[in-house]
Amino acid sequence: LSILVCMLSLMMAFTGCQTKEDSKAIKVACNFPMSGDLSFYGQYLQDGITMAMVELKDSMDGQGIAIEYNYEDNHSTTKDAVTAFNKHRLSGFDVYASCCTAQSMAIQDLVDQTKKPNFICSFYPLSLQPNDNIFRVWIDMAFEGDCFIKYIEQNKPKTVAFVYQNLSSTN
């Protein structure tokens with residue numbers, strides 16, 4: 001859940017905290033495996049986002065922040081991850097989130113072309129390179145912080161929030 005709250009906070013920062021008064025919600029495209037062998041990851045992520053949105057509702061409402069999520073099922077395959085991305089591209093998005101490694105890598109260049117922030121749920125450390133708009137959010141590696149800082153320095157968001165949870169199971 002903390003990863004998803006961090007993603008949400010960073011999404012708001014990177015998109016300039018679009019408010020309800022601006023009459024345009026932040027559009028977050030989610031390319032997750034909702035069926036197939038990896039569906040437990042997609043369901044976990046969707047449930048976590050839903051819980052984070054409930055927890056943050058009062059704060060977001062108080063700041064006038066609106067976020068819309070568009071979930072597409074990549075069926076745990078790379079081919080369907082590309083199909084899901086094409087659907088997202090047609091409907092438009094401000095921030096992209098994808099899962100899992102093979103599916104995220106299949107669309108990485110396509111998302112990179114949009115220059116929009118792309119949060120990848122992946123164990124593969126090189127999924128961050130060479131693109132400055134990609135943020136891997138599952139494993140805490142020393143160099144990931146530098147990638148976040150570089151992106152923030154280049155884009156100068158109004159607000160940035162980092163949420164970190166140290167779990168004994170992640171030694």
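Among contacts in the protein between residues at least 6 apart in sequence, what percentage join residues at least 24 apart? In this predicted model, the value is 57%.

**Figure 1. Overview of the predicted protein, with its helices and strands.** The protein contains five helices and five strands. Followed along the sequence, these elements give the pattern α-β-α-β-α-β-α-β-β-α. Of the 171 residues in the protein, 43% are buried.

**Figure 2. The open sheet and the order of its strands.** Five strands make up the sheet, in the order S2-S1-S3-S4-S5, and their pairing is parallel. The edges are held by S2 and strand S5 (134-136); each has a single partner strand, so one side of each has no neighbour in the sheet. On average, neighbouring strands of this sheet are turned by 20° against each other, direction ignored. Strands of a sheet pair through backbone hydrogen bonds, in either a parallel or an antiparallel manner.

**Figure 3. Pairing of strands S1 and S2.** Strand S1 (residues 26-32) runs parallel to S2 and is joined to S2 by seven bridges. One residue pair serves as an example: Ile26 has Ile67 in S2 as its bridge partner.

**Figure 4. Helix H2 lying across the sheet.** H2 crosses S1, S2, strand S3 (95-99) and strand S4 (118-121), and its direction is at about 175° to that of S2. Helix H2 (residues 39-63) has 25 residues, which at 1.5 Å a residue should span 36 Å; the C-alpha atoms at its ends are 34 Å apart, in agreement with this expectation. A bend of about 60° occurs in H2 at Leu56. The buried residues of H2 are Gly42, Leu45, Gly48, Ile49, Ala52 and Met60. An α-helix has 3.6 residues a turn, so residues three or four places apart point the same way.

**Figure 5. The loop that follows helix H2.** Gly64, just after H2, adopts a positive phi of about 70°. Ala66 is located in the loop between H2 and strand S2 (67-73). Is Ala66 buried or exposed? Its relative accessibility is 17%, and Ala66 therefore counts as buried, the cut-off being under 20%. Ala66 and Lys27 are 39 residues apart along the chain, and their C-alpha atoms are separated by 8.9 Å.

**Figure 6. Helix H4 packed on the sheet.** Helix H4 (residues 101-114) touches S1, S3, S4 and S5, and its direction makes about 150° with that of S3. With 14 residues at 1.5 Å a residue, H4 should span 20 Å, and its end C-alpha atoms are indeed 20 Å apart. At Gln108, H4 bends by about 50°. Gln108 is also among the buried residues of H4, together with Gln103, Ser104, Ile107, Val111 and Asp112. These buried residues pack against S1, helix H3 (78-91), S3, S4 and S5. Lys115 follows H4 and has a positive phi, near 65°.

**Figure 7. The surroundings of Ser76.** Ser76 lies in the loop between S2 and H3. With a relative accessibility of 15%, Ser76 counts as buried. Which residues are in contact with Ser76, leaving aside its neighbours within four places in sequence? They are Pro33, Ser35, Gly36, Asp37, Leu38, Ser39 and Gln103. For Asp37, the backbone nitrogen lies 3.5 Å from a polar atom of the Ser76 side chain. Gln103 belongs to the buried residues of H4.

How values were computed
Residues are numbered from 1 along each chain as its sequence is written. This is a predicted model: local features need pLDDT of at least 70, side-chain atom pairs count only at pLDDT 80 or more; totals for chains, interfaces and linings use all residues. Side-chain values use heavy atoms; hydrogens and water are left out. Helices (H or I, at least four residues) and strands (E, at least two) are DSSP runs, numbered from the N terminus. The expected span of a helix is 1.5 Å times one less than its number of residues. The bend at a residue is the angle between axes fitted to the seven residues ending there and the seven starting there. Buried means under 20% relative accessible area, exposed over 50%, partly exposed in between (1.4 Å probe, protein chains only). Two strands pair if DSSP finds at least two bridges between them. Axes are lines fitted to C-alpha atoms, for helices over the stretch in contact, and angles run from 0 to 180 degrees between N-to-C directions. Contact means heavy atoms within 4.5 Å. A polar contact is a pair of N or O atoms within 3.5 Å; within protein, one must be able to donate a hydrogen and the other to accept it, and residues adjacent in sequence count only if both atoms are side-chain atoms.
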